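Welcome! Here is a short tour for anyone meeting this protein for the first time, topic by topic. Have the sequence and the model open as you read.

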Amino acid sequence: MMLKKGFFIAALMLLSGCETARNTDKAHVKQDSPYRLYFGGDIVTMTDEQPSYVEAVVEHKGKIVFVGNKDSALRQYPETMTQMDLQGSTMLPGFIDPHSHFMSALMMVNQINVSAPPVGTATNIAQIIAKLANYQQEKNIAEGGWLVGWGYDQELIDEKRHIIKTELDAAFPKHKVILIHVSMHGAVLNSNALAWANIDKNTKTPKGGVIARMPNSNEPAGLIMEMAYIPVFEQLPQPNEAEMLDLMAEAQEHYTSQGYTHAVEGFTHTKHIDFLLKAAEQNKLIIDIASLAAFTEMDKWFDNAKYKFGEYHNKFKLHACKITLDGSPQGKTAFVSKPYLTTGPAGQEHWHGESSITQIQLDALTKKMFAANIPLQIHTNGDAAIDMMIKTVEQAGITAKDDRRTVIVHSQFQRPEHLAKYAELGLTPSYFSMHTYFWGDVHVKNIGKKQADFISPMKAAKEAGLITSNHSDFNVTPLDPFFIMWSAMARESRSGAIIGAEQRIDAYSALQALTTGPAYQFFEENRKGMIKEGLLADFVIVENNPLKQDVTMIKNNKVLATIKEGQTVFSSLQLVGADSDLHGCKSSAGYAWCTNTNQCERPWLLAKEQSFANEPAAFTEFCKN
């Protein structure tokens, strides 16, 4: 079956990447046809509340023009129509990223992965420091230069505590070091980086922020979070504009390789809005990117003709205002009504976390955005922050009938009674079920099992009539859609504990949270998220139908190809480079095809791991099979 699926991918790559080809059969090469027919596997439309399948789909000029019976399609459309046999694989609507941080994919190029398994390999402080040192030596980072680590998590290292600046100073006395917390809501800095950030013993901790101090001293210890961190993050070094533009294709492959045809930049500073606008002008966007403008820079983008909300331009859309109302559960900065069972991130007793802004400030922001008809997406994790958010929407006089689709990003430590309010006010949560795996055990320790079991309550939300989505918050956790599905279905922690068995959902509901749910939240249900006539031809081809897999196997599923508006933008089989004249395929990407008809009935694709350049016998056997 893998060989046949490989052939299907080969056909996709040929049609999207090659101008001509020889020795190819009628069913797979009519690339001059403006119509393309998909058939031969499970095609899940996502158009109903229960799974529905069709036999065939026809794409024309980037849109879906037919969904139904294959014979009907063949009668209605030209004989020259390109026919794409799925060979038993499954076709779904392209996955829609509900919430991540696209710019992280660009920034990570010059950063060091200091994550714990399974994202990285660091399990203690010594290993984190060694990774930084290796990077410094490999890249020859000069004295005074930056070492930026990502994925740092004090809960998942052996020491179970935050690194302090003196430990980093000892290893890097002449470099600036910052370890970005896995929550992306804080970081640990060494002394040189703290000095660069103008944080010292005289720096007051800002409202809604955290600056950890050395014992019995006002001297900063290294950890800063929330409103103390945001100004530092905004000034961190990054690749220059030309470098970032060159990295756009690679950054988008983080998404297309996981089946996404739509990405989100979840807290976009104005300089990054400007960058994405330029990337769109230069046609650098392969997939749709929706941007959420940072509320901290509203004075720059609000009521500015340069920044028009709600319209795509070359696949870029400035969609909503993003308000970060509190912090992260794993960072213990989420704003909760009852104190954490453990101390705060800087050792605070009776710690509740804090909101980033006051209720009065939030109300003013909310009314301003609603009056300007700009959608709101509000980061709220703790139940006290959720109370604030509900109050601000009520104060603005908005209800479900107004159809504002205010998205509650994360909505983690909510209480059961919040769900009815969400339905009344038209609030739609974007959940983060991967917390059950990555930090489920941590949440039980910090807030207790009862609250932890109700984290990302996707089943209760659906029963309350809410439309939901489920996200990765990349690069907080991996983009992997099948891991996201599995976490919502299994709710299993790192230790194997079940975090809220009653909130497990079925595979179809988990798929809705990656397709129809986010399409609705972004006001795009009439554009994407389903396989339906008139919608964009955004598809993902996967190895197995997740609706027919056992839950234990879902996270092992694989993306074979991603198709954006009829164009193949990712294939999981990398082709072997070769002479284009010999193989009859002109492709700037260097794709190669076996076209020896004496050995092959058809031009089989040579997978990267199966290069037969020096193995003619194995090549012949490969073609026969």
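A cavity is a set of grid points where a 1.4 Å probe fits but cannot get out. In this predicted model, the largest such cavity holds about 90 Å³ of space. The bullets below begin with the chain as a whole, then turn to its enclosed and open spaces, its nonpolar cores and a few residues worth finding in the viewer.

**The chain as a whole**

- The protein chain is built with 24 helices and 23 strands.
- Of its 625 residues, 59% are buried.
- Take the contacts between residues at least 6 apart in sequence: 71% of them join residues at least 24 apart.
- About 24400 Å² of the protein chain is exposed, and carbon and sulfur atoms supply 49% of that area.

**Enclosed spaces**

- How many cavities of 30 Å³ or more does the structure hold? There are five.
- The largest cavity is lined by 14 residues, and the closest to its centre are Ser-115, Ala-116, Val-119, Gly-151 and Val-182.
- Sorted by class, that lining consists of nine nonpolar, three polar and two charged residues.
- The second largest cavity contains about 60 Å³ of space.
- Thirteen residues line this second cavity, with Ser-328, Asn-381, His-410, Phe-432 and Asp-473 the closest to its centre.
- Here the classes are three nonpolar, nine polar and one charged.

**The largest pocket**

- Which residues lie nearest the centre of the largest pocket? They are Ile-180, Met-184, Tyr-229, Phe-233 and Leu-236, out of 44 lining residues.
- The volume of this pocket is about 810 Å³.
- Several elements give two or more residues to the pocket lining, among them helices α4 (102–107), α8 (230–234) and α10 (270–281).
- Strands are on that list too, including β9 (176–181), β13 (260–268) and β16 (316–324).
- Strand β8 gives the most to the pocket lining, with four residues.
- By class, the pocket lining has 19 nonpolar, 18 polar and seven charged residues.

**Nonpolar cores**

- The largest nonpolar core has 115 residues, and within it Phe-102 and Met-389 touch the most other members.
- Helix α19 (residues 481–490) gives the most to this core, contributing eight residues.
- Setting aside residues up to four places away in sequence, Phe-102 touches Met-248, Ala-251, Gln-252, Tyr-255, Ala-263, Val-264, Glu-265, Leu-276 and Ile-289.
- There is also a second, separate core of 33 residues, which includes Ile-112, Ala-212, Val-336 and Tyr-340.

**Cis peptide bonds**

- A cis peptide bond runs from Pro-117 to Pro-118, with omega near 5°.
- To find Pro-118, look in the loop between β7 (112–113) and α5 (125–139).
- Phe-474 and Asn-475 are also joined by a cis peptide bond, with omega about 10°.
- Asn-475 has its place in the loop between β20 (469–470) and α19.

**Two aspartates with positive phi**

- Asp-403 is not a glycine, yet its phi is positive, at about 55°.
- This residue, Asp-403, sits in the loop between α13 (383–395) and β18 (406–410).
- Is Asp-403 buried or partly exposed? Asp-403 counts as partly exposed because its relative accessibility is 35%, and the partly exposed class runs between 20% and 50%.
- Asp-473 also has a positive phi of about 55° without being a glycine.
- The loop between β20 and α19 is where Asp-473 is found.
- Asp-473 has a relative accessible area of 5%, so it is buried, the cut-off being under 20%.

**A buried lysine**

- Lys-317 belongs to strand β16.
- Why does Lys-317 count as buried? Lys-317 is buried because its relative accessible area is 5%.
- Leaving out neighbours within four places in sequence, Lys-317 is in contact with Ile-289, Ala-290, Ser-291, Gly-310, Glu-311, Tyr-312, Phe-522 and Glu-524.

Conventions
Residues are numbered from 1 along each chain as its sequence is written. This is a predicted model: local features need pLDDT of at least 70, side-chain atom pairs count only at pLDDT 80 or more; totals for chains, interfaces and linings use all residues. Side-chain values use heavy atoms; hydrogens and water are left out. Buried means under 20% relative accessible area, exposed over 50%, partly exposed in between (1.4 Å probe, protein chains only). Contact means heavy atoms within 4.5 Å. Accessible areas come from the Shrake-Rupley method with a 1.4 Å probe; for residues, only the protein chains shown count as cover. On a 1 Å grid over the protein atoms alone, a cavity is a set of points where a 1.4 Å probe fits but cannot get out, and a pocket is an open set with protein on both sides within 12 Å along at least five of seven lines; lining residues have an atom within 4 Å of a point. Grid points are joined across faces, edges and corners, and a volume is the space filled by probe spheres set on the points. Ala, Val, Leu, Ile, Met, Phe, Trp, Tyr, Cys and Pro count as nonpolar, Asp, Glu, Lys and Arg as charged, and the others, Gly among them, as polar. A nonpolar core is a set of buried Ala, Val, Leu, Ile, Met, Phe, Trp, Tyr and Cys residues joined through side-chain atoms within 4.5 Å.
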